[in-house]
Structure formats: structure tokens, C-alpha cells
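Work through the exercises below with the structure open. Each task is followed by a stepwise solution.

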Amino acid sequence: MNGENIADGAGITPKLADKLLAAGADVVTLGNHTYRREGIGDYLARSETVIRPANAGTWTPGHGLAVVQARNGVAVAVVNLLGSLFLDVPRSPWEIVDELVDDARSRAPVVVVDFHAEATSEKIALARWLDGRVTAVIGTHTHVQTNDARILPGGTAAITDAGMTGPHDSVIGVKAELAIRRMRTRLPVRFEPAEGGVRIEGVLVECSDDGRARAIEPLRVVL
Ligand SMILES: [Fe+2]
């Protein structure tokens, strides 16, 4: 689960991270809002299953790779990376992705990449680059589910964006009138999370024990 904005739409707190794990998430990935909340740095430094983007910076606390066990005992590695287009990243994901994926593959046959990025082109390019080396490249960050879930020729499942679990009667989770006011006036407007149209969005990937993807299906549950 990507949990970067579970704290009222911006960041995550240690308490909320624990709540996601208690609710059944095996690994929580994050993104560009990782360090918005107090106390999360120390928490990430200690946590092995709540991870931040691997290219978040050499001195930022936390890990970019987690390894857990699936219910049938197969090891699953999860990797989190930030995109470099339209986002402020300390290191290009391209500079570190190969080493990171090699590390993940040495520990687990199933490798899931959460690529937290803005641009569709960059997300498609990374999925293509990793095709055949990882089980899935799942895009996050835009909050808008894309209609391109597919298995690439090398056996990697990919979707440009898994979408948003949250209020869809909004501008990517924010009360629409506040987001529009900020865009129109360019004045500072305090954002508040919207409430209506709550949906669970995500993606279901089926794979064999050797990590090769067999199917990918976007999920959308309207509550
Ligand atoms: Fe984000």
C-alpha cells in the first residue's frame, strides 16, 4: 500500500503507519510527502516494512527496499522510487534502479516496484526498462487510475497509476473549491481533504512463484 498522504492528505505519522500495518498492509511505501509529519524520520529509520523512496537522499532516514513473505512462504521484495520529472529528487531514479533491483532479486523472486512519479512517460519508460527483471511496476502519485494495466513482453505487469483510495468528489483528494481557488488566484489557500465519493483504488497482480506476472487487473471499489 502507498500511504504517503494518509495524514489528512499530506504525509504519514508513526501512529497511522502502524494502523496501516495492523489493518493488513504487509509493506507501506511512500513518496514526495514522506517527511511532512513530525516523528516519521525516526520511525522510518527503525522500520523494515514502512519504506520511503530509495532515491530520497543519502542522509534521509529510512530504507527503500523491504522484503516480506507471502502467505505461501515465497519472499516478496518491495522497492520504492521517486520519479525525476516535475518532482524534486536528490538522485535520479535511473542512476540507482539497476543496483536496487539486483539487490531485491538477490533476496526475493517476486519484486514489486512502486514508482512514485508524475509523468506518464517516465513511468512507462521505467516499466519497459525493468521488463523481465521484476514482477510489477506500479505507478503512484497522480491519484488518477490509468487505463493501461498490461503484462509487458518480458513478463512484468505494469500500470502507469494505481489511482487513489480516498474522496473522489475532489481535486485529487482536496476539496475542489479550495484547489480551484488556489489555482485561479495564486494566493495561498489552506488545503483540506474532501469527503465525498470515497473509493478504494489499486491493482491486483497475479504471479507465479518465480516472480513472473500472469495477470494484472485495476481495482475500483465505490463505497
Ligand atoms: Fe505523491
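**Exercise 1. A residue beside the metal**

Task: Decide whether H141 is buried or exposed, and place H141 in the chain.

Solution. Step 1: H141 has a relative accessible area of 13%, so it is buried. The cut-offs are under 20% for buried, over 50% for exposed and partly exposed in between, with a 1.4 Å probe and protein chains only. Step 2: H141 sits in the loop between β4 and β5. Helices (H or I, at least four residues) and strands (E, at least two) are DSSP runs, numbered from the N terminus. Step 3: check the backbone. H141 is not a glycine, yet its phi is positive, near 110°.

The model is predicted: local features need pLDDT of at least 70, side-chain atom pairs count only at pLDDT 80 or more, and totals for chains, interfaces and linings use all residues. Residues are numbered from 1 along each chain as its sequence is written, and side-chain values use heavy atoms, with hydrogens and water left out.

**Exercise 2. The iron site**

Task: Which residues coordinate the iron ion, and what is the geometry of the site?

Solution. Step 1: list the donors. They are E4 (OE), N32 (OD1), H116 (NE2) and H141 (ND1), at 1.9 to 2.2 Å. A donor is an N, O or S atom within 2.8 Å of the metal (3.2 Å for Na, K and Ca); water is not among the atoms, so sites may look incomplete.

Step 2: test the angles. The four donor atoms of the iron ion span angles of 86 to 161°, and the site is irregular. Four donors count as tetrahedral if all angles lie between 85 and 135 degrees; four count as square planar and six as octahedral if opposite donors are over 155 degrees apart and all others between 65 and 115; anything else is irregular.

Step 3: read the spacing. The donor residues follow E-x27-N-x83-H-x24-H. The pair E4 and H116 links distant parts of the chain, 112 residues apart: E4 lies in the segment before α1 (14–22), H116 in strand β3 (residues 110–116). E4 and H116 are both buried.

**Exercise 3. The six-stranded sheet**

Task: What is the strand order of the open sheet of six strands, and which strands are its edges?

Solution. Step 1: the order is β1-β2-β3-β4-β6-β5, with mixed pairing. Two strands pair if DSSP finds at least two bridges between them. Step 2: β1 (65–69) and β5 (150–151) are the edge strands, each pairing on one side only.

Step 3: look at individual pairs. Strand β2 (residues 75–82) runs parallel to β3, joined by seven bridges. V79 has V113 of β3 as its bridge partner. Strand β4 (residues 136–140) and strand β6 (residues 157–159) are also parallel, with three bridges. There I138 is partnered by I159 in β6.

Step 4: assess β3. Six of its seven residues are buried, so β3 is largely enclosed by the rest of the structure.

**Exercise 4. The three-stranded sheet**

Task: How are the strands β7, β8 and β9 paired, and what does I216 touch?

Solution. Step 1: the three strands form an open sheet in the order β7-β8-β9, with antiparallel pairing. Its edge strands are β7 (166–167) and β9 (213–222). Step 2: two bridges join β7 to strand β8 (residues 198–207). P167 stands opposite V198 in β8.

Step 3: turn to I216, in strand β9. At 14% relative accessibility, I216 is buried. Leaving out residues up to four places away in sequence, I216 touches residues including A149, I151, A157, I159, V203 and V205. Contact means heavy atoms within 4.5 Å.

**Exercise 5. Two polar positions**

Task: Are D98 and D8 partly exposed or exposed?

Solution. Step 1: D98 is in helix α3 (residues 93–107). Its relative accessibility is 27%, so D98 is partly exposed. D98 touches W129 and R133, not counting residues up to four places away in sequence. Step 2: D8 lies in the segment before α1. At 61% relative accessibility, D8 is exposed. D8 has a positive phi of about 55°, although not a glycine.

**Exercise 6. The whole chain**

Task: How many helices and strands are there in the chain, and what is its radius of gyration?

Solution. Step 1: count five helices and nine strands. Step 2: for 223 residues, a compact globule would have a radius of gyration near 17 Å; the chain has 17 Å, which agrees. The radius is taken over C-alpha atoms, and the globule rule is 2.2 Å times the number of residues to the power 0.38. Step 3: buried residues make up 45% of the 223 residues.
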